[in-house]
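Hi,

Here is the structure I promised to pass on. Have a look at it first, and then read my notes underneath.

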Amino acid sequence: MIVKMLHEKGLTSEQAYTAAFASIGLSVASWCGSMKAENAGTARADRWGIFIGEWAPTFFALGLALANYEGDHESLHSTEH
């Protein structure tokens with residue numbers, strides 16, 4: 001139901017995969033940025049990196065769900081014609 005809505009709104013599996021890889025890069029960048037910008041130490045930088053890094057599995061899961069939906073959706077439309 002959610003995957004169908006996301007697909008109808010125009011989100012593709014490739015976009016979800018791109019967001020997942022971008023969140024991995026953003027996680028590393030936020031860790032490095034926190035280490036340099038804040039004097040709170042490694043623990044604070046680790047929390048920032050982990051917080052943003054937790055987004056990647058969600059985006060990968062959405063990408064897989066959308067890929068499955070797109071595959072099923074394509075096979076339904078190809079048999080109708």
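Below is what I found, starting with the whole chain and then going residue by residue.

First, a caveat: this is a predicted model, so please read everything here in that light.

**The chain as a whole**

The protein chain has four helices and zero strands, and the order from the N terminus is simply α-α-α-α. As for overall shape, the C-alpha trace spans about 65 × 20 × 15 Å along its principal axes. The radius of gyration tells a similar story: the protein chain has 18 Å, whereas a compact globule of 81 residues would be near 12 Å.

Buried residues account for 20% of the 81 residues. The chain exposes about 5,700 Å², and 66% of that comes from carbon and sulfur atoms. On the charge side, there are 5 positive and 9 negative side chains, with the centres of the two sets 15 Å apart.

How much of the contact map is long-range? If you take contacts between residues at least 6 apart in sequence, 72% of them join residues at least 24 apart.

**Ser27 and Ser30**

Both of these serines sit in helix 2: Ser27 is there, and so is Ser30, with the helix covering residues 13-37. Are they buried or exposed? Ser30 has a relative accessibility of 16%, so it counts as buried. Ser27 comes out at 12% relative accessible area, and that makes it buried too, because the cut-off for buried is under 20%.

The two are also linked directly, since the side chain of Ser30 reaches the backbone oxygen of Ser27 at 2.9 Å.

What do they touch further along the chain, leaving out residues up to four places away in sequence? For Ser30 the partners are Trp48, Gly49 and Ile52. For Ser27 they are Gly49, Ile52 and Gly53. Gly49 and Ile52 therefore turn up in both lists.**Trp55 and Ala56**

Next comes the start of helix 4, which runs over residues 55-80 and holds Ala56. Trp55 is found in helix 4 as well. How do the two compare in burial? Ala56 is buried, with a relative accessible area of 6%, while Trp55 is partly exposed at 34%.

Apart from residues up to four places away in sequence, Ala56 touches Ala20, Ser23 and Ile24. With such neighbours again set aside, Trp55 touches Ser23 and Leu26. Ser23 is thus named for Ala56 and for Trp55.

Two C-alpha distances may be handy for checking your setup. Ala56 and Gly25 are 31 residues apart along the chain, with 9.8 Å between their C-alpha atoms. Trp55 and Ala37 are 18 residues apart in sequence, and their C-alpha atoms are 23 Å apart in space.

**Val3**

Last, the N-terminal end. Val3 lies in helix 1, which covers residues 2-8. Which residues does Val3 contact, leaving aside its neighbours within four places in sequence? They are Ala65, Leu66 and Tyr69. The C-alpha atoms of Val3 and Phe60 are separated by 13 Å, with their positions 57 residues apart along the chain.

That is all from me for now.

Cheers

Technical notes:
Residues numbered from 1 in each chain as written. Predicted model: local features only at pLDDT ≥ 70, side-chain atom pairs only at ≥ 80, totals over all residues. Heavy atoms only, no water. Helix = DSSP H or I, 4+ residues; strand = E, 2+ residues; numbered from the N terminus. Buried < 20%, exposed > 50% of the residue type's maximum accessible area, 1.4 Å probe, protein only. Polar contact = N/O pair within 3.5 Å; in protein donor to acceptor, adjacent residues only side chain to side chain. Contact = heavy atoms within 4.5 Å. Rg over C-alpha atoms; globule rule 2.2 N^0.38 Å. Areas by Shrake-Rupley, 256 points an atom, 1.4 Å probe, with all protein chains shown as cover. Lys, Arg positive; Asp, Glu negative; His and termini not counted. Charge placed at Lys NZ, Arg CZ, Asp CG, Glu CD.
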